[in-house]
Amino acid sequence: MGNGAGELLVADHDGIRTVTLNRPHRKNAMTWAMWRELADVLRDTGMDRSVRALVLTGAGGAFCSGADISVPDARHPMDKMRIFSDLALQLHELPTPTVAKVTGVAVGAGWNLALGCDLVVATPDATFAQIFARRGLSLDLGGSWLLPKLVGLQQAKRLALLAETIDAARAEALGLVTWIVAADEIDAFTDDLAARLAAGPPVALAQTKALLNEGADVTLREALAGESRAQGVNFATADAPEAYAAFAEKRAPGFTGAWSLPPAGNGGHAEGSKAVRGRENE
């Protein structure tokens, strides 16, 4: 996928998809058309096995100033919220590892878009705000679910009810930013991070992401059952044997996520079927 013009830029390189919000004159405030287009990109990413990592960023020194409320839109508010809700779920459930690269402002739905990513890299001058209360609104794009899980209920209420603007250092201290990286180093840092994610075992990483996302809402017994099911799938891919072979041969593994079980009717399965039929005929 590649899109070199417009308000949402999509570029693929070496298994990494970079999505850039491209309305710098509005600090990348999102129009409804952009929200829908981003949802389409996320849907495509989840179905494209060649995409091994996704980077979400903004153009012109800002990440995203939220939804552009200055653009008139006559649709029903519930229709708008359905777009938000669907996109938040798509981002959260996306099997592909995601990284938000944040420069400048990330406020309102724009901040929650970053928080919906698995990892957040920010420059020291990045600023963040759950700005909704200043606009006479309540949280959206998953903020009411994300914030308490990331910072606890009391800090989440402080951020949401007071709509305070915080800097990158405070966001990092609260666990809302994974790394702070100098502006002249953030591109290289994020490129390296995305490359490391893209080189990982895609099936195992997708399952680990899902297990962690679900872990806070299940019992230990349910989490252990989920881990067992996930490992059964992992051992059916070529990646686990490849990891063992790479370790023994002292080389880097080449993960593909390829399914390694032989098709039914071939190899060992075929022999097993013949043996069963033989016993049935005895």
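1. In this predicted model, the exposed residues Gln154, Leu161 and Leu162 lie on the face of helix 5 that is turned away from its buried side. The buried residues of helix 5, which spans residues 153-162, are Ala156, Leu159 and Ala160. Because they cover an arc of only 90 degrees around the axis, these residues fall on the same side of helix 5.

2. As for what that buried side meets, the buried residues of helix 5 pack against helix 3 (109-115), helix 4 (143-151) and strand 8 (165-167). Helix 5 is followed by alanine 163, and the phi of this alanine is positive, near 50 degrees.

3. Helix 4 can be read in a similar order, beginning with its buried residues, which are Gly143, Leu146, Leu147 and Val151. The arc that they cover around the axis is only 95 degrees, which puts them on the same side of helix 4. The partners against which the buried residues of helix 4 pack are helix 3 and helix 5, and just after helix 4 comes glycine 152, with a positive phi of about 90 degrees.

4. Turning to the interior, the largest nonpolar core has 46 residues, and those with the most contacts inside it are Trp35, Leu38, Phe63, Val102, Leu113, Phe128 and Leu176. Helix 1 (residues 32-47) supplies the largest share of this core, namely seven residues. There is also a second, separate core, made up of eleven residues, among them Ala53, Val55, Ala194 and Leu197.

5. Phenylalanine 128 deserves its own entry: which residues does phenylalanine 128 touch, not counting residues up to four places away in sequence? Leaving those neighbours aside, the contacts of phenylalanine 128 include Val102, Ala106, Trp111, Ala122 and Val177, and also Glu164, Thr165, Ile166, Asp167, Ala168 and Ala171. Of these, Val102 is, like phenylalanine 128, listed among the residues with the most contacts inside the largest nonpolar core.

6. On the surface, Val233, Trp259 and Leu261 form a nonpolar patch, and together they have about 300 Å² of accessible area. Valine 233 belongs to helix 9, which covers residues 220-234. With a relative accessible area of 31%, valine 233 counts as partly exposed, and because patches are made of residues with over 30% relative accessible area, a reader should note the cut-off when considering this residue.

Conventions. Residues are numbered from 1 along each chain as its sequence is written. This is a predicted model: local features need pLDDT of at least 70, side-chain atom pairs count only at pLDDT 80 or more; totals for chains, interfaces and linings use all residues. Side-chain values use heavy atoms; hydrogens and water are left out. Buried means under 20% relative accessible area, exposed over 50%, partly exposed in between (1.4 Å probe, protein chains only). Helices (H or I, at least four residues) and strands (E, at least two) are DSSP runs, numbered from the N terminus. The arc is that of the directions from the helix axis to the C-beta atoms. Contact means heavy atoms within 4.5 Å. A nonpolar core is a set of buried Ala, Val, Leu, Ile, Met, Phe, Trp, Tyr and Cys residues joined through side-chain atoms within 4.5 Å. Patches are made of residues with over 30% relative accessible area and no salt bridge: like charges are joined within 9 Å, nonpolar side chains (Val, Leu, Ile, Met, Phe, Trp, Tyr) within 5 Å. Accessible areas come from the Shrake-Rupley method with a 1.4 Å probe; for residues, only the protein chains shown count as cover. A salt bridge is a side-chain nitrogen of Lys or Arg within 4 Å of a carboxyl oxygen of Asp or Glu.
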